[in-house]
Amino acid sequence: MHCALYDADRCRSCQWLEKDYPQQITDKQSHLEQLLVAHPVAQWREPVLSRQQHFRNKAKMVVSGSVERPLLGMLHRDGTAVDLTACPLYPVSFTTIFALLKPFIARAGLTPYHVVRRRGELKYILLTESSRGEFMLRFVLRSTSKLAQLKAALPWLQQQVPALSVISANIQPVPMAVLEGEEEIILTENQALAEQLNHVPLWIRPQSFFQTNPEVAATLYATAREWVSEHNISQMWDLFCGVGGFGLHCAHEHMTLTGIEISPQAIACAQRSAAEMGLSKVQFAALDSTHFALSKQEVPQLVLVNPPRRGLGQALCEYLHQMAPDRILYSSCNAQTLADDIARLPNYQIERVQLFDMFPHTAHYEVLTLLTLRS
């Protein structure tokens with residue numbers, strides 16, 4: 001993939017861009033195999049590859065410059081601003097919206113926030129596109145002082161981009177590099193962006209997590225469904241379930257599924273999807289996954305976990321070890337913490353592993369691992 005920003009040394013986010021893509025995959029697979037060298041793997045599946053450009057469905061843009069000439073991109077540590085609207089990772093459709101957002105910022109009088117001076121209102125713009133071609137646009141503001149101006153200017157932007165399904169303002173008053181605050185103000189009738197992967201309806205609310213590479217995510221979810229369907233699973237937990245992508249793919253009318261996620265916004269999305277699918281034995285709750293598991297006495301046949309980069313941790317691994325479900329399906333975005341957690345589960349053997357290249361041109365990747373209780 002060619003990137004003018006990289007060539008000009010303006011952006012180095014894609015640290016592996018100078019590596020040929022096949023070499024990137026080889027290096028990631030080697031890294032994963034080295035991390036799991038102490039744990040025999042019964043079956044290695046071939047890595048799942050990604051498109052090399054235009055694969056990201058989300059842009060997180062720092063807003064800098066002036067209200068008349070805003071700049072969307074990032075800030076280097078020395079305060080130098082870089083325009084990232086031409087980043088080749090984004091869909092082509094983003095180009096048009098970025099071009100319209102610049103005059104819109106002037107129309108709405110949203111002064112870009114100045115980090116050093118701590119002045120201005122508009123901190124970030126967050127843009128997400130669904131596979132249906134609809135968009136969610138979030139304005140991260142320092143306060144609500146410009147909210148009325150933002151609302152008044154929105155009809156012009158909505159007329160220019162009819163596919164803007166969800167628009168919101170997030171209030172982030174802290175003078176630190178924190179992306180978003182707790183308060184989210186929805187400015188459209190729709191409160192969630194409609195998505196669909198593998199014919200499974202999913203919903204994305206402004207503060208709920210969703211994978212940034214939907215094509216690879218679709219393959220990941222389909223693979224999890226395939227692996228679960230090979231066994232007669234009637235009871236399953238989906239911990240750290242997000243908007244329910246894994247659980248909703250794996251569930252069927254005879255399965256009792258419990259999905260747990262700390263984010264109420266994500267849980268609302270998962271509940272909406274389950275209702276649309278008519279899954280009466282599926283329930284989702286906004287709870288801490290570790291606390292939920294530690295409070296339960298029953299043992300499901302399979303526990304699916306998709307933790308953040310920090311992994312499961314000692315307490316949850318010890319509980320899973322004691323609880324001893326027949327299988328654990330572990331989706332990880334950090335192979336190091338995956339390996340650490342597997343070491344904490346000595347009664348389990350690795351049945352199969354597969355790498356999913358969710359993040360091309362970087363050292364990061366997703367990995368799906370099926371653990372089976374030793375007989």
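L75 has a relative accessible area of 33% and is therefore partly exposed, a value that falls between the 20% limit for buried residues and the 50% limit for exposed ones. The model in which this residue is seen is a predicted one. L75 belongs to strand β2, which covers residues 70-75, and on the surface L75 joins V115 and V116 in a nonpolar patch whose members together have about 280 Å² of accessible area.

From this patch the reader can turn to A177, which is placed in the loop between β6 (164-171) and β7 (183-186). With a relative accessible area of 79%, A177 is exposed, since exposed residues are those over 50%. A177 and V115, the latter a member of the patch with L75 and V116, are 62 residues apart in sequence, while their C-alpha atoms are 8.8 Å apart in space.

The charged side chains offer a second route through the model. Side chains of opposite charge can pair when their charged atoms come close. Where such a pair counts as a salt bridge if a Lys or Arg side-chain nitrogen lies within 4 Å of an Asp or Glu carboxyl oxygen, the count for this structure comes to 15 salt bridges.

One of these joins K19 and D27, with a distance of 2.5 Å from N to O. K19 is partly exposed at 29% relative accessibility, and D27, at 23%, likewise counts as partly exposed. A network of salt bridges also links D9, R12 and E18.

Farther along the chain, R272 forms a salt bridge with E276, and here the closest N and O atoms are 3.9 Å apart, a distance that is accepted because the cut-off is 4 Å. Both residues lie in helix α7 (residues 264-277), and because they are four residues apart there, R272 and E276 are separated by about one helical turn. R272 is partly exposed, with a relative accessibility of 40%, and E276 is partly exposed as well, with a relative accessible area of 46%.

What is the distance between the closest N and O atoms in the salt bridge of R344 with D341? These atoms are 2.7 Å apart. As for the surroundings of the two residues, R344 counts as partly exposed at 29% relative accessibility, whereas D341 has 0% relative accessibility and therefore counts as buried, the limit for that class being under 20%. The salt bridge between R344 and D341 thus brings together a partly exposed arginine and a buried aspartate.

Note on methods:
Residues are numbered from 1 along each chain as its sequence is written. This is a predicted model: local features need pLDDT of at least 70, side-chain atom pairs count only at pLDDT 80 or more; totals for chains, interfaces and linings use all residues. Side-chain values use heavy atoms; hydrogens and water are left out. Buried means under 20% relative accessible area, exposed over 50%, partly exposed in between (1.4 Å probe, protein chains only). Helices (H or I, at least four residues) and strands (E, at least two) are DSSP runs, numbered from the N terminus. Patches are made of residues with over 30% relative accessible area and no salt bridge: like charges are joined within 9 Å, nonpolar side chains (Val, Leu, Ile, Met, Phe, Trp, Tyr) within 5 Å. Accessible areas come from the Shrake-Rupley method with a 1.4 Å probe; for residues, only the protein chains shown count as cover.
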